[in-house]
Amino acid sequence: MWFKNLTVYRFNKPFSVDTEALEKSLQDFTFSPCSSQDISKFGFSKALGKHGDALVHSANDRHLICATKEEKILPAQVVKEALEEKVAQLEAEEDRKLAKKEKDALKEEITTTLLPRAFSRRSQIHALILPEIDMILVDSSSAAKSEELLALLRKALGSLPVIPLSFKTPIETQMTQWLQDNHAPAPFEMQDEAELKSDSDEGGIVKFKQQSLVEAEVLAHLEVGKQVHKLALHFGQSIAFVLQSDAGIKRLKFSEEFRAGNDDVGNDDPIARLDADFALMGSELIALMNSLVEVLGGLEDSL
């Protein structure tokens with residue numbers, strides 16, 4: 001339930017699909033396991049996993065969705081060795097060199113033969129649709145995986161007018177100023193981790209971890225033109241995270257004290273607890289995103 005990373009997108013137009021319509025749209029793109037000849041399968045799965053039956057879990061016009069991916073693990077080296085052995089055999093038998101087209105056909109044939117014996121692995125990715133702030137938050141540190149989920153959602157809905165989150169002022173400019181001032185705007189507090197990068201190819205990258213960022217060693221890098229591209233922050237007393245210059249939010253961690261806010265609900269009813277955690281997380285992520293937009297100088301105008 002608790003998101004660990006955020007790749008954030010903005011809606012260009014208000015998201016007006018209600019829970020029932022969203023559920024119906026996703027049903028045609030539900031996950032099914034790989035068959036013997038499938039390399040991978042990707043589709044929507046139950047939002048609350050084993051604790052629910054719906055593909056969409058909604059509360060207060062906030063929608064949680066989940067997609068599952070299954071991939072066959074077929075090491076490239078295994079295919080390569082089988083191909084080399086087959087090519088050597090045929091070339092010896094026919095006393096000639098095989099053409100590239102023939103080798104490609106053999107590789108495809110070998111892959112088809114090996115797939116039924118390959119192991120498979122599954123992974124899940126969640127997203128939170130937040131119409132009240134015109135955003136969708138994907139729980140992933142990978143832009144490629146996030147885009148894959150959005151592509152599936154776009155296919156299910158027919159359209160999905162979203163763009164990556166971007167700000168009027170470059171994030172690295174803002175974070176560099178915070179480091180120079182030794183102060184992040186409230187309700188944020190800087191922690192002891194940062195990555196500084198030079199704009200020039202020769203300037204390089206320097207990383208600091210578990211070190212005071214006000215030391216001369218750190219500030220000296222700012223004086224020669226490096227900018228802050230990653231910065232560890234706290235949001236009030238609830239969330240620790242690393243903000244990146246590409247607007248990615250990594251290593252998102254909700255404090256134990258904050259998560260304990262639902263302890264009175266207990267764990268006897270898993271659905272009730274998940275619903276309470278969903279409400280708590282959703283509200284705090286909205287507060288986080290609103291505060292980030294404010295301290296970073298506002299969002300870039302939509303194209």
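1. In this note a residue is called buried when its relative accessible area is under 20%, exposed when that area is over 50%, and partly exposed in between. By that scale Asn-182, at 46% relative accessibility, counts as partly exposed. The structure discussed here is a predicted model, and the points below should be read with that in mind.

2. On the overall make-up, the chain contains eight helices and twelve strands. Its radius of gyration is 24 Å, which is well over the 19 Å that the globule rule gives for 303 residues, so the chain is more spread out than a compact globule. Taken along the principal axes, the box filled by the C-alpha atoms is roughly 75 × 55 × 40 Å.

3. Turning to burial and surface, 44% of the 303 residues in the chain are buried. The accessible surface of the chain is about 16500 Å², and carbon and sulfur atoms account for 48% of that surface. Among the contacts in the chain with a separation of 6 or more, 68% are between residues that lie 24 or more positions apart.

4. As to charge, the chain carries 35 positive and 50 negative charges, and the mean positions of these two sets are 7 Å apart.

5. The cysteines deserve a separate remark for anyone planning to look at them in the model. Two cysteine sulfur atoms must lie within 2.5 Å to be counted as a disulfide, and by this rule the count comes to zero. Cys-34 is in no disulfide, and the nearest cysteine sulfur to its own, that of Cys-66, is 16 Å away. Cys-66 is likewise in no disulfide, with the sulfur of Cys-34 as the nearest cysteine sulfur, at 16 Å. With a relative accessibility of 15%, Cys-34 counts as buried, and Cys-66 is buried too, at a relative accessible area of 0%.

6. The loop between helix 5 (171-181) and strand 8 (188-197) has backbone details that merit inspection, and Pro-187 lies in this loop. A cis peptide bond joins Ala-186 and Pro-187, with omega at about 5°. Asn-182 also has its place in the loop between helix 5 and strand 8, and its phi is near 55°, a positive value in a residue other than glycine.

7. A positive phi is also found at Asn-60, where the angle is near 55° in a residue other than glycine. Asn-60 is found in the loop between strand 3 (56-59) and strand 4 (62-73). With a relative accessible area of 60%, which is over the 50% cut-off, Asn-60 is exposed.

8. Two pairs of residues may help the reader to relate sequence to space. Glu-20 and Ser-58 are 38 residues apart in sequence, while their C-alpha atoms are 9.7 Å apart in space. Glu-20 has its place in helix 1 (residues 19-27) and is exposed, with a relative accessible area of 67%. In the other pair, Ala-279 and Glu-300 are 21 residues apart in sequence, and the distance between them in space is 29 Å, C-alpha to C-alpha. Ala-279 lies in helix 8 (residues 270-295) and, at 28% relative accessibility, counts as partly exposed.

Terms used
Residues numbered from 1 in each chain as written. Predicted model: local features only at pLDDT ≥ 70, side-chain atom pairs only at ≥ 80, totals over all residues. Heavy atoms only, no water. Buried < 20%, exposed > 50% of the residue type's maximum accessible area, 1.4 Å probe, protein only. Helix = DSSP H or I, 4+ residues; strand = E, 2+ residues; numbered from the N terminus. Rg over C-alpha atoms; globule rule 2.2 N^0.38 Å. Contact = heavy atoms within 4.5 Å. Areas by Shrake-Rupley, 256 points an atom, 1.4 Å probe, with all protein chains shown as cover. Lys, Arg positive; Asp, Glu negative; His and termini not counted. Charge placed at Lys NZ, Arg CZ, Asp CG, Glu CD.
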